[in-house]
Amino acid sequence: MDQSSFNLRFTATLFIMAALLITGGYLMQPGAIQEDINLNSLAIAHENQTLFIWSFRVLVFGNFMAIMALVSLGSLMRMSSIHPIIQAGIFVCCLALLVGSISEAYFMDMGAWGGWKVTTLAQALQESFVNSMEVTYQWVSCFRRMSYMFFCLGLIPIGLAITRDASFPKALGYFAMAFGAIGIAVMLIDDSETSFYPIVRYVYCLFFVVLAGILWRKDSF
């Protein structure tokens, strides 16, 4: 398996950009409309509409940058014996990121549009308007939970593959497998608890940065 330093650093750059955009997108967000759509969260979204919209744009671009990075990593490993294992995990992680992006796009649109719509309604009608969004909100919240759950699932074969390739430190692979299994267990045991989601997000962004550092330091692979 022979990869040029350009290919390695291209993949590393994608991982770094993904981690920065995903983390930055969430840190930019005014309020947390994903946790609850109500009059207050819609008011915050409307009052900070430009920042609100851009935070989701940055986040979704980060998710797609992560998909690019994972696909590129799979291509780097195409001649390795671990390719069937790591590719399975990469495929599931990419699907999870896509599902997560769809859910985030919903929250962006409903926050921006819903925040404006509330201002056009008489006060007596505002609460009923927000309540009318509840069914769709619950459905999309399930998409959001699926994205974190199945990203953790994808981490398990990726971690297993890493432990079987000398190019990577085995500790990184064991960590990925352990965190993936723990993440699935936590989200299955308490499927209505969302406070674990940021932990998953920050861990996989850190995982991306560590992978980027490993790839960047190599002259060949």
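A disulfide is a pair of cysteine sulfur atoms within 2.5 Å. The model is predicted: local features need pLDDT of at least 70, side-chain atom pairs count only at pLDDT 80 or more, and totals for chains, interfaces and linings use all residues. Residues are numbered from 1 along each chain as its sequence is written, and side-chain values use heavy atoms, without hydrogens and water.

**Exercise 1. Cysteines**

State how many disulfides the structure holds, and check Cys94 and Cys152.

Step 1. The count is zero.
Step 2. Take Cys94. The closest cysteine sulfur belongs to Cys93 and is 7.1 Å away, so the gap is too far for a bond.
Step 3. Take Cys152. Its nearest cysteine sulfur, again that of Cys93, lies 8.6 Å away, and Cys152 is in no disulfide.
Step 4. Check burial (buried means under 20% relative accessible area, exposed over 50%, partly exposed in between, with a 1.4 Å probe and protein chains only). Cys94 is buried at 12%. Cys152 is buried at 0%.

**Exercise 2. A helix pair**

Find how the axes of α2 and α4 are arranged, and which residues make the contact.

Step 1. Fix the elements. Helices (H or I, at least four residues) and strands (E, at least two) are DSSP runs, numbered from the N terminus.
Step 2. Fix the geometry. Axes are lines fitted to C-alpha atoms, for helices over the stretch in contact; angles run from 0 to 180 degrees between N-to-C directions.
Step 3. Read the values. The two axes come within 8 Å and cross at roughly 100°.
Step 4. Classify. Under 35 degrees is roughly parallel, over 145 roughly antiparallel, 65 to 115 roughly perpendicular, the rest oblique. α2 and α4 are therefore roughly perpendicular.
Step 5. List the contact (heavy atoms within 4.5 Å). From α2 come Leu39, Leu42, Ala45 and His46. From α4 come Met110, Gly111, Gly114, Gly115, Trp116, Val118 and Thr119.

**Exercise 3. Asp36**

Place Asp36 and describe its surroundings.

Step 1. Asp36 sits in the loop between α1 and α2 (39-47).
Step 2. Asp36 counts as partly exposed, because its relative accessibility is 36%.
Step 3. Skip neighbours within four places in sequence. Asp36 then contacts Ser41 and Tyr137.
Step 4. Compare two separations. Asp36 and Ser75 lie 39 residues apart in sequence and 40 Å apart in space, C-alpha to C-alpha.
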